[in-house]
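Here are a few short exercises to work through, each with its solution. Take a look at what is shown below, then dig in.

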Amino acid sequence: MIIERPLLGHVDIQTPDYRAMGFTLGLSRLGDLLGDGTTGQVWRSLIHDATELQIKRGFIRSGLGLRTDVGLMTFTIQDSDPLHGGEFQPGQHVRAVALIGDEPRPLFTGKVADISGAYPLNKSTGELRPRTTITVADAVSIHTQTPRYGAKPPAGLETFEERIARLESSSRSPIEVPPLADPREVYAF
Amino acid sequence: MPTFDRPVGAATLRLIVNLAAQDTAANSSLVSWELQLICTNGSSWNANATAWSANIGGVGYSGGFTFDFRRTNTVVIASASTWLGHSPSGSLTINVSGWIAHTGTSAIGGPGSTDGNMALPSISRIPPAPTPLGIDQVTARSLRYRFASAGDGGSAIVRWEVQYASNAAFTAAQTITSNGTSTVAGLTPGQQYWFRARGVNGVGAGAWSGASSAVTVLDAPVTTSWAQSGADLIATWTPPAPATGLTGYRFQVATDTAFVAIVAAFTVGPTTTTAVATGLPGGRLYYVRVAALTAQPSEWSAAVPAVLLVLASGDLDRWSRYGVPPAGLVYYTGEGIRRGVVGGKQGLWLESYSTGRVVVAPGMIGIQRSIPTTPGRAYTIRLTLARSADARAHTYQLSAPGISGDPVTLNTDAATPLPPLTWVATSTASTVRVLLAEALDVPDATTPVERVVVTDIRITEAAGYYAARLRGTVYESNLANHFDLACNSVGATWYADRNNLTRFSLPGNALPVSAIFSDRALEGALNYVGIDAGYDTRSMVNVLEATNHGIGDDGLADDPTETVENPSSISLYGPRKDKIDLNLYSLPPYDAAFRDRLADILAASFEPARLIGSVTWNAQQDMTAAAALELTQRCTVQFRDTVQDSQLIGLEHTITPTRWLVTARFIKL
């Protein structure tokens with residue numbers, strides 16, 4: 001059963017509002033008004049400019065195993081000219097959320113990986129109306145570009161959890177390391 | 001009347017000696033004497049004086065005399081008397097002599113002399129004090145006193161007297177007759193007694209000898225109890241009465257009535273009336289005796305029935321003996337182990353003794369216990385041993401299924417941890433052992449052969465969800481491939497979640513079901529609108545080539561490759577080959593990990609399986625559920641009569657201003 005209802009107010013595309021948060025190196029722009037720096041993460045909605053939203057995350061079946069593929073989110077913004085003060089720039093945090101009540105529940109979170117603009121001609125008006133396609137990638141893309149040479153536990157062997165904790169030192173994106181549990185005592189006398 | 005004559009020519013020189021009197025008090029005799037010259041020829045005479053001398057018991061006399069035998073036959077030359085002293089024993093023998101010079105006559109001539117010895121009657125006295133020979137044969141209530149005679153004082157001994165008392169002044173002394181050896185009974189235990197002796201003869205009682213003294217020993221304690229308490233034997237006794245001078249008790253335990261084989265002996269203080277014998281081998285009869293100590297010990301306490309020491313094993317927590325003990329080796333308890341407390345800790349005692357020569361091979365005996373284990377999981381046992389210093393067995397080791405620990409020699413009785421031993425369980429139960437790890441040749445009966453206590457036993461299951469271990473690697477790549485390598489090795493997955501946080505997930509079959517997709521409108525299920533299903537042939541593999549990345553001894557890459565096949569699958573479907581990179585540690589106790597992982601992968605993929613690959617669902621049916629979907633979740637997918645246990649491996653959201661479709665991709669668990 002296909003249900004078609006307006007999704008405005010139920011799905012949103014958001015980016016951090018750096019102007020409300022204070023100066024953010026690499027993201028804030030000259031001329032922006034700045035907050036006092038005490039405000040937490042503030043997200044600004046972009047859904048009103050967006051048209052189609054695609055999110056694709058998951059694994060690639062690679063023979064016997066699963067290879068984690070880079071998660072991507074793409075969407076198109078109307079009347080946004082990336083070359084003339086558009087909303088986005090590479091590396092910018094963007095997320096898609098479902099709004100359950102007033103609570104945003106992320107569907108995807110990542111950083112802008114690609115911005116491509118198109119300027120189709122409106123033959124009836126003779127105007128160029130810019131359309132910008134934004135591609136956002138998740139942390140897998142960061143991990144695939146992070147070099148790592150070996151993993152050498154001092155004892156020559158380690159648990160899976162210890163290995164992940166060791167690899168975390170190389171990561172440039174947050175990792176939730178599986179808990180390093182103490183050995184479970186199964187007998188004592 | 002003793003007369004000593006000697007002829008001188010025609011005459012005779014005569015010395016007459018008589019005992020005139022005796023003075024007993026002065027121990028001397030009065031001797032009278034007379035020197036005569038006798039001649040009967042009726043003619044000899046000399047008006048001139050002739051010299052003479054006499055000696056009576058050392059007293060000398062001399063002078064001159066004249067004689068005329070024409071009118072007499074006897075001329076008294078001289079006479080006198082003298083006191084002579086007797087010897088201390090009262091006897092006296094004297095030498096007497098008389099002499100005259102030449103008489104000046106032809107018929108008598110001269111000179112002449114006479115002499116002789118004379119024993120005077122002895123003077124009797126009281127006997128001298130005897131000589132003490134000492135006191136012996138001391139018991140609690142009797143003593144033996146001996147003395148020797150020093151003489152009878154010149155009079156026959158009428159009797160000997162011995163006097164004893166409990167004081168040196170002999171106040172209230174008892175006097176008995178004796179023949180020189182007297183055993184006095186009826187004395188008080190622990191009391192000092194003085195003894196002396198004297199003789200009595202016709203004159204009277206002699207002087208007392210010097211005093212000798214001795215102390216009677218105490219009565220033997222009375223053993224009132226000899227019984228087992230726990231693993232110990234305890235004796236109690238009542239003190240002797242009186243207990244004068246008591247300094248303590250001597251306590252002995254033996255395995256024979258003659259107390260030749262003494263197994264415990266020590267001294268306790270005078271206020272103690274209990275002694276505990278510990279650490280004795282079980283299954284034997286033990287005898288006890290106690291003596292009270294003063295200057296010398298009392299007699300031993302009377303025999304009491306022996307006690308058979310039965311050591312209770314206690315709650316052994318399902319530990320038991322391993323192996324059959326060789327002939328001559330006897331365990332202290334029926335179980336061969338007993339539970340006890342050592343240094344405040346619970347422990348298991350392994351104790352045995354030999355009744356003769358015993359030969360034990362390494363690993364022949366020990367203790368063991370089975371514990372529940374999960375196949376494939378790694379376990380580690382740790383424990384501590386402490387050896388009794390007198391035990392013959394020194395070396396022990398741990399053992400677990402398929403692996404043995406290094407032997408450790410316990411040189412002292414200090415607690416010594418054995419090296420931890422790790423093994424990977426292959427069944428639902430694993431038996432761990434503590435083994436005697438040395439060859440023993442005990443030549444004769446020895447106690448103890450084994451006496452070691454095991455404490456601090458800990459068995460742990462290895463940390464982490466996965467039993468396998470990853471080996472070090474010099475794999476040079478990116479972080480994502482390192483994540484893949486680690487996850488492929490153990491069956492985990494990794495992904496970036498909705499918040500862009502990188503997470504690692506357990507294998508799907510270890511997770512709870514998070515969502516149900518169904519082709520029908522069911523309560524609680526997500527009613528999908530499209531499905532992709534069929535035979536999954538892409539992941540079918542019957543020839544698997546696996547590379548196990550690692551580091552060699554030279555520090556360089558050590559990446560052995562192993563190929564496993566499923567021949568029946570190959571014959572049916574032809575060879576379907578694939579490769580996989582792993583990073584598994586494959587030395588003991590994890591030596592089976594690499595092989596098992598390959599077998600698991602091949603077993604899951606050697607034949608094509610029906611697969612519901614994906615479903616498409618309208619998220620506007622339940623946007624809360626849509627927002628909750630996440631990669632790696634376990635899902636149930638229903639399609640007609642097929643119910644597939646699945647893991648979510650792909651999520652696609654296609655959102656337009658009025659439509660939100662979700663495509664979920666699955667693998668079959």
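**Exercise 1: a tryptophan and its core**

Find what B:Trp617 touches, leaving out residues up to four places away in sequence.

Step 1: count a contact when heavy atoms come within 4.5 Å. Step 2: list the partners of B:Trp617, which include B:Phe517, B:Leu526, B:Tyr528, B:Asp622, B:Leu629 and B:Trp660. Step 3: B:Trp617 is also among the residues with the most contacts inside the largest nonpolar core, which has 49 residues; A:Leu53, A:Met73 and A:Phe75 are on that list too. Such a core is a set of buried Ala, Val, Leu, Ile, Met, Phe, Trp, Tyr and Cys residues joined through side-chain atoms within 4.5 Å. Step 4: strand β51 (residues 660-668) of chain B gives the most to this core, with five residues.

By the way, this is a predicted model: local features need pLDDT of at least 70, side-chain atom pairs count only at pLDDT 80 or more, and totals for chains, interfaces and linings use all residues. Residues are numbered from 1 along each chain as its sequence is written, chains are lettered from A and ligands numbered from 1 in the order in which they are written, and side-chain values use heavy atoms, with hydrogens and water left out.

**Exercise 2: a loop residue**

Is B:Asn179 buried or exposed?

Step 1: recall the cut-offs, with buried under 20% relative accessible area, exposed over 50% and partly exposed in between (1.4 Å probe, protein chains only). Step 2: B:Asn179 has 66% relative accessibility, so it counts as exposed. Step 3: place B:Asn179 in the loop between β12 (174-178) and β13 (181-185) of chain B; strands are DSSP runs (E, at least two residues), numbered from the N terminus.

Methods: Helix = DSSP H or I, 4+ residues; strand = E, 2+ residues; numbered from the N terminus.
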